[in-house]
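Work through the exercises below with the model open beside you. Try each task before you read its solution.

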Amino acid sequence: MPERKTSALLVVDVQNDFCPGGALGVAEGNMILGPINHVMPLFDYIVLTQDWHPRNHVSFASSHPGKIPSQTVEVPGGTQLLWPDHCVEGSEGAAFHRDLDTDRASMILRKGMRLRSDSYSAFAENDTAMPTGLGGWLLSLGIRRLYVVGLATDYCVLYSSLDALAAGFEVLVIADATKGVDVPKGTLDAALLRLGQAGASYLLSSDLG
Ligand code: VGL
Ligand code: ZN
């Protein structure tokens with residue numbers, strides 16, 4: 001049972017475009033909805049994130065003539081991996097999956113909203129490390145422990161969890177409530193290893209009751 005006053009559930013990017021049939025569909029991405037909805041009643045604090053990009057976002061291959069998804073471009077601040085157009089602000093693809101119970105969310109955070117910077121992490125943008133404000137919000141509520149679920153394990157779940165650990169939160173990843181894209185191949189296993197090494201622990205939704 002999570003300690004209700006000091007724990008929050010972080011639900012990363014459970015959006016149509018990351019589910020099967022979506023622009024960047026994660027295989028079996030929809031299978032996590034049952035486990036997520038199952039654990040939600042155990043939390044007083046629930047944060048939902050939405051990947052939320054303007055048209056022509058820097059992370060879209062279509063924004064770079066001659067480029068295709070899974071190629072990269074150099075941008076100020078580093079290398080940007082390119083994706084198909086996804087989670088365009090206000091689109092159906094950017095909407096939460098219809099089976100996600102959003103009613104009890106205390107906070108809905110949108111990220112990746114600026115044209116020239118991507119944000120895998122719910123805490124900060126990739127290039128500038130400009131904070132989203134989530135860390136301060138959690139700290140001001142006295143939250144010390146984050147249970148992390150959502151999509152995709154090897155991108156937004158990974159970077160959100162690493163930033164949470166770096167900020168001093170305890171991070172527990174609910175393994176059956178995340179799925180990875182594994183692009184490029186091997187990314188998913190590497191992400192799980194890296195998260196464990198950084199201090200995250202893993203559990204199953206059924207462990208919570
Ligand atoms: C994500 C790739 C691009 C994610 C977002 O939510 O993991 N992955 N944008
Ligand atoms: Zn994105």
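**Exercise 1. Decide whether phenylalanine 96 is buried or exposed, then place it in the fold.**

Step 1. This is a predicted model. In it, phenylalanine 96 has a relative accessibility of 17%.

Step 2. The cut-off for buried is under 20%. Phenylalanine 96 therefore counts as buried.

Step 3. Find its place in the chain. Phenylalanine 96 lies in the loop between E4 and E5.

Step 4. List its contacts, leaving out residues up to four places away in sequence. Phenylalanine 96 touches Val14, Gln15, Asn16, Leu48, Thr49, Gln50, Thr102 and Ile108.

Step 5. Compare sequence with space. Phenylalanine 96 and aspartate 13 are 83 residues apart in sequence. Their C-alpha atoms are 7.7 Å apart.

**Exercise 2. Describe the backbone and the surroundings of aspartate 13.**

Step 1. Locate the residue. Aspartate 13 sits in the loop between E1 and helix H1 (33–39).

Step 2. Check the backbone. Its phi is near 50°, a positive value in a residue other than glycine.

Step 3. Check the cover. The relative accessible area of aspartate 13 is 0%, so the residue is buried.

Step 4. Look for a ligand partner. A side-chain N or O atom of aspartate 13 is 2.6 Å from an oxygen atom of ligand 1.

**Exercise 3. Work out which residues surround ligand 1, and how much of the ligand the protein buries.**

Step 1. Name the surroundings. They are Asp13, Phe18, Asp51, Trp83, His86, Tyr120, Leu151, Ala152, Tyr155 and Cys156.

Step 2. Pick out polar pairs that involve nitrogen of the ligand. A side-chain N or O atom of aspartate 51 is 3.0 Å from a nitrogen atom of ligand 1. For histidine 86, a polar side-chain atom lies 3.1 Å from a nitrogen atom of ligand 1.

Step 3. Turn to the surface. Ligand 1 taken alone exposes 260 Å², and the protein buries 99% of that.

Step 4. Examine the backbone at two of the surrounding residues, Leu151 and Ala152. The peptide bond from leucine 151 to alanine 152 is cis, with omega near -15°. Alanine 152 belongs to the loop between E6 and H3.

**Exercise 4. Identify the residues that coordinate the zinc ion (ligand 2), and classify the arrangement.**

Step 1. Find the donors. Asp51 (OD), His53 (NE2) and His86 (NE2) coordinate the zinc ion at 2.0 to 2.2 Å.

Step 2. Read their spacing in sequence. The pattern is D-x1-H-x32-H.

Step 3. Trace the two histidines. Histidine 53 is in the loop between strand E2 (46–51) and strand E3 (72–75), while histidine 86 is in the loop between strand E4 (78–81) and strand E5 (107–111). The pair is 33 residues apart and links distant parts of the chain.

Step 4. Check the angles. Four donors count as tetrahedral if all angles lie between 85 and 135 degrees. The 4 donor atoms here subtend angles of 86 to 170°, which makes the arrangement irregular.

**Exercise 5. Find what lies around histidine 53.**

Step 1. Start with cover. Histidine 53 has a relative accessible area of 0%, so it is buried. Histidine 86 is buried too.

Step 2. Look for a backbone partner. A polar atom of the side chain of histidine 53 lies 2.8 Å from the backbone oxygen of glycine 112.

Step 3. Widen the view, leaving aside neighbours within four places in sequence. The contacts of histidine 53 include Ser59, Phe60, Cys87, Lys111 and Asp118.

**Exercise 6. Determine how many residues of helix H3 are buried, and what they pack against.**

Step 1. Count. In H3 (residues 153–166), 11 of its 14 residues are buried.

Step 2. Name some. Among them are Tyr155, Cys156, Leu158 and Leu162.

Step 3. List the partners. The buried residues of H3 pack against strand E1 (7–12), E4, E5, strand E6 (145–151), strand E7 (170–179) and helix H4 (187–198).

Step 4. See what comes after. Glycine 168 follows H3, and its phi is positive, near 95°.

**Exercise 7. Find the side-chain partner of glutamate 125.**

Step 1. Glutamate 125 is in the loop between E5 and helix H2 (134–140).

Step 2. Its relative accessibility is 12%, so glutamate 125 counts as buried.

Step 3. Its side chain makes a polar contact of 3.3 Å with the side chain of serine 117.

Technical notes. Residues numbered from 1 in each chain as written. Chains lettered and ligands numbered in written order. Predicted model: local features only at pLDDT ≥ 70, side-chain atom pairs only at ≥ 80, totals over all residues. Heavy atoms only, no water. Donors = N, O, S within 2.8 Å, 3.2 Å for Na, K, Ca; no water. Tetrahedral: all angles 85-135°; square planar, octahedral: opposite > 155°, others 65-115°. Helix = DSSP H or I, 4+ residues; strand = E, 2+ residues; numbered from the N terminus. Buried < 20%, exposed > 50% of the residue type's maximum accessible area, 1.4 Å probe, protein only. Near = heavy atom within 4 Å. Polar contact = N/O pair within 3.5 Å; in protein donor to acceptor, adjacent residues only side chain to side chain. Areas by Shrake-Rupley, 256 points an atom, 1.4 Å probe, with all protein chains shown as cover. Contact = heavy atoms within 4.5 Å.
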